[in-house]
Structure formats: structure tokens, C-alpha cells
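Work through the following exercises with the sequence and the structure side by side. Try each task before you read its solution.

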Amino acid sequence: MTRIEITLGLLATIGAILVMGLIGATEEGRMAGAARGFTTRSVERGAKLFDGQCALCHGPNAVGLKCPPLDQTSGLHGGKNPGVAWRLEEMGWERTMLFEYIVNVVSNGRNASTRPWQWKGNRDVGPSTESLMAMPAFAQANNGPLRPDQIRDIANYLVAFEDFLPEDPDEAKAFAAAVPNKVSSFDDPGLNQRPDGSDPVALGAFLFTDLACATCHAVEAASPLVVCPNLSTIWTTAADRVADPAYTGAADGEAAYIAESIRNPGAFVVSGFVNGVMPATFGTLPDADVDALIAYLSKGAYTPLGAGGAITATAGITATAGTTATAGTTATVGLTATRSTTSTTAP
Ligand code: HEC
Ligand code: HEC
């Protein structure tokens, strides 16, 4: 062995040691990168599965539809921000257990909604739905369609909405407040309770937000929200509508027109707008709630009658509102549009 060979061998050994050292040093980063890549792919698969299995009820991008939103605006999120992620606590779960909570609900479904006055799920579809589960069980172990790994993918997808939340608690609260698609009266149990109805205007104002009318309709004339008719002058508009020869509905006055618009939006479709965007699900609202909404929207022009008043006469229209299936699908369009409007106003 010549000296030069020994030197080369030595250099090779030192080189190999150096390379191993470098690999060792980056191993942690590499593992983290791989884990991120794995989670990203899982989230992507979860998003696809969600579109196919869940969006029908929970809305596209989980923004909520006839079932609660599950995105960053929902009570499932904001764990870093006490006061926003109320939902897990409400259900008796640790706030840190979001992943497990989702896997649990998706695997087992929910026999009855915990908020049936707002999110009836399957029980909302027809008169003989009492035997149906509000949310079906999705685990194959429960005769559902999804494997355990697919349910974990969906849970990763829903957990990932947390990334949308601002880190700063104050900013996060302002963000949650700016999103009109607020979840339910539980959102801030201290502030957002349903009024008892003794003041119909107050109840109407509450319902207008709580039933998510406000995600589509503006009540201020100057609002930039234009995806659906502006309701700032709906009382005078209503009079014009029923007097219009092109009017196709059955209402004979302002209050009846507004009631009809809520309960059976297809009876007359406002020119320039599409039938089916406004959900037909309001057909089952109690008379007193419709009365309160009219009182609120009329801005003082209407004297509330309460249940049993003139509003009941128009309730017969409800029967035609049964076409929920198509309306529900089309409503997606309106809600998606709203989402982009919303994001421009969010900080
Ligand atoms: C037939 C309609 C329907 C379908 C389809 C559906 N859900 Fe639900 N989901 C509901 C209802 C109803 C609730 C109960 C709401 C309540 O209790 O307030 C619910 C509740 C949930 C909750 C708990 C929310 C909370 O705040 O407690 C999660 C998470 C959830 N669903 C995820 C999913 C996922 C993921 C899918 C698809 C695999 C899905 N759901 C499919 C109707 C549905
Ligand atoms: C997903 C979007 C959406 C939601 C949610 C929604 N609407 Fe509508 N609404 C529409 C659209 C689109 C129209 C116009 C098409 C039509 O006449 O059906 C409309 C029409 C109306 C009209 C008639 C307006 C006019 O100029 O004649 C009234 C009144 C009304 N909605 C009230 C409500 C109330 C009250 C709620 C909540 C209980 C509500 N809407 C929820 C989309 C929506």
C-alpha cells in the first residue's frame, strides 16, 4: 500500500463520517418534512371524502348548510382562544380532543341532533323520518361506508381548519364575530340567547342572524352583499311585487308576501335571481318566528300578529315547499358565493 493509497482511504473514511454526520443532523428535519407531507396527503384525501360524503349536509368546505359548519368559524375550533371553541366543552370533551371527537361522531353518527331546533339533519327531510338517525354512522363497523383510515383522513382535514385561525386571541375573537355564518345560539351563551318573543322585533333580528338569512341578505341599503336581494326596503318592495302583473305568488299584501318568500321562495322568483338558492327549509318555521321576521324586516311598518294571525293563512303554502332535495343542492351556490364575500370582510 503506498502512502497515497493510505491517504485516499483515510480521506474516504473521513468523508463518509462527515456525510453520516450531516445525514444525522438533518434527520430530524427530514422526519418532520415527511410527517408534514403525510399529513398534507391525508388532509387532501379527507377533503375529497368530505365532498363526497359530508358536504351534502355540512356544506361545501364545511361552511355549514342544513347541518352545522365544521370549519374555522365553528365551535369546534379556536382551542387556543378560550371563548370561541365552546363546542367541545359543551359536549363534555377536552378542548384538545378535537381529532378524537370528530372520529367518534363520524364513526357512530348521531341518533338525534343535540340542537334539533336548528340542525335536524336527516330528520328534517320528510314527515316519517323519526326512525332515521340525524347523522348516519359512517364506520364500516357500524355498516357505514368508510374505513378507519378514511375517517382519520376526514378528521385530519377538519382539524386542519385550525390553521385559518389567527394566533392572537383578540384577533381570533374579532374574526369569529365578523363571520356572519355564526354557528348557533350557543356561540356565546352569555350574549346570544334566543329572546323569549315578547319583543317580536328583537326575536326577528335574532332569527335573521341565527337562521343564517344574514349570510345571503343585507338589511342595510349600502351593504356590499349583493348575492341575494337587499331587504332594506322589503316592505315597500313587497307592495310593488304583489301589484306587479308578473307576480306569480299567492300573497295579497306586504306581510303575506314576506311570509311567502320565507316559506316558499319558489312561489315568486325575484327577477335577476335564481330559484332554489334560497333554501326551502324555512317552510317549517313556526308561525311566531315568521311573524317576528316580518316585524323585524318591516322596520316598524308591520304590527306583529303572532301565531294564529294572518300569517297562518299563508301557511298552507308550506306544502309546496317539500322540494327540499333540489333546493338544498342549489343552495350550495349561494353559500359558496357568501363565503367569498365573507372572506373579504374578515381581518
Ligand atoms: C344527513 C346529514 C349529515 C351527513 C351526511 C353528515 N352529517 Fe355530520 N352531522 C349531522 C347532524 C344533524 C349533526 C348533529 C348536529 C348537532 O348535534 O347539533 C352532525 C354533527 C356532526 C359533527 C359534530 C359537530 C358538533 O358541533 O358537535 C361532526 C364532526 C360531523 N357531523 C362530521 C360529519 C362528517 C365528517 C360527515 C361525512 C363523513 C358528516 N358529518 C355527514 C348531519 C350529517
Ligand atoms: C342561501 C341564500 C339565502 C338564504 C340563506 C336566505 N335567502 Fe332569502 N332569498 C334568496 C334569494 C336568491 C332570493 C331571490 C330569489 C327568490 O325570490 O326566490 C331570496 C328572496 C327573499 C325574499 C324576497 C325578496 C324580494 O325582493 O322580493 C325575502 C323576503 C327573503 N328572501 C327573506 C329571507 C329570510 C327571512 C331568510 C332567513 C329565514 C332568507 N331569506 C334566507 C337567498 C337566500
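**Exercise 1: Placing Met133**

Met133 sits in the loop that runs between H4 and helix H5 (148-159), where helices (H or I, at least four residues) and strands (E, at least two) are DSSP runs numbered from the N terminus. This is a predicted model, in which local features need pLDDT of at least 70, side-chain atom pairs count only at pLDDT 80 or more, and totals for chains, interfaces and linings use all residues. Residues are numbered from 1 along each chain as its sequence is written, while chains are lettered from A and ligands numbered from 1 in the order in which they are written.

Task: decide whether Met133 is buried, partly exposed or exposed, and list the residues it contacts beyond its neighbours within four places in sequence.

Solution. Begin with the rule: a residue is buried if 20 or more other C-beta atoms lie within 10 Å of its own, exposed if 12 or fewer, and partly exposed in between, with C-beta atoms placed from the backbone. Met133 has 17 C-beta neighbours inside 10 Å, and therefore counts as partly exposed. For the second step, two residues are in contact if their C-beta atoms, placed from the backbone, lie within 7 Å. Leaving aside neighbours within four places in sequence, Met133 is in contact with Gly109, Arg110, Asn111 and Asn122. As a further check on the model, Met133 and Arg123, which are 10 residues apart in sequence, are 7.1 Å apart from C-alpha to C-alpha.

**Exercise 2: Two residues with positive phi**

Task: compare the places and the burial of Asn61 and Ala62.

Solution. Asn61 has a positive phi of about 55° although it is not a glycine, and Ala62, also not a glycine, has a positive phi of about 60°. Next, find them in the chain: Asn61 belongs to the loop between H2 and helix H3 (86-90), and Ala62 lies in the loop between H2 and H3. Finally, count neighbours: Asn61 is partly exposed because it has 17 C-beta neighbours inside 10 Å, whereas Ala62 counts as buried because it has 24.

**Exercise 3: The surroundings of ligand 1**

Task: describe how many residues surround ligand 1 and how they divide into nonpolar, polar and charged.

Solution. A residue is near a molecule or strand if its C-beta atom, placed from the backbone, lies within 6 Å of it. The shell around ligand 1 holds 27 residues, of which the closest are Cys54, Cys57, Thr114, Gly121 and Met135. Now sort them, counting Ala, Val, Leu, Ile, Met, Phe, Trp, Tyr, Cys and Pro as nonpolar, Asp, Glu, Lys and Arg as charged, and the others, Gly among them, as polar. The result is 17 nonpolar, seven polar and three charged residues. Helix H1 (3-53), helix H2 (55-58) and helix H4 (98-108) each supply at least two residues of this shell.

**Exercise 4: Cores and the faces of H8**

Task: identify which elements build the largest nonpolar core, and explain how the buried residues of H8 are arranged.

Solution. A nonpolar core is a set of buried Ala, Val, Leu, Ile, Met, Phe, Trp, Tyr and Cys residues joined through C-beta atoms within 7 Å. The largest has 22 residues, and Ile258, Ala259, Leu293, Ile294 and Leu297 touch the most other members. Two or more residues come from each of helix H7 (200-210), helix H8 (234-243), helix H9 (254-263) and helix H10 (287-297), and H10 gives the most, with seven. Another core, of 19 residues, lies apart from it and includes Val43, Tyr101, Val106 and Phe138.

Turning to H8, its residues Ile234, Ala238 and Arg241 are buried. Seen down the axis of H8, the buried residues fall within an arc of 60° (taken over the directions from the helix axis to the C-beta atoms), so they line one face of the helix. These buried residues pack against H9 and H10, while the face turned away from them carries the exposed Thr236, Asp240 and Ala243.

**Exercise 5: The whole chain and its confidence**

Task: summarise the secondary structure of the protein chain and state where pLDDT stays under 50.

Solution. The protein chain comes to 12 helices and zero strands, and buried residues make up 32% of its 347 residues. The average pLDDT (the predictor's confidence in each residue, from 0 to 100) is 73, and 65% of the residues score at least 70. It stays under 50 over residues 179-191, which have 31 contacts beyond four places in sequence in the model. Over residues 307-347 the pLDDT is also below 50, and this stretch has 81 contacts beyond near neighbours in sequence.
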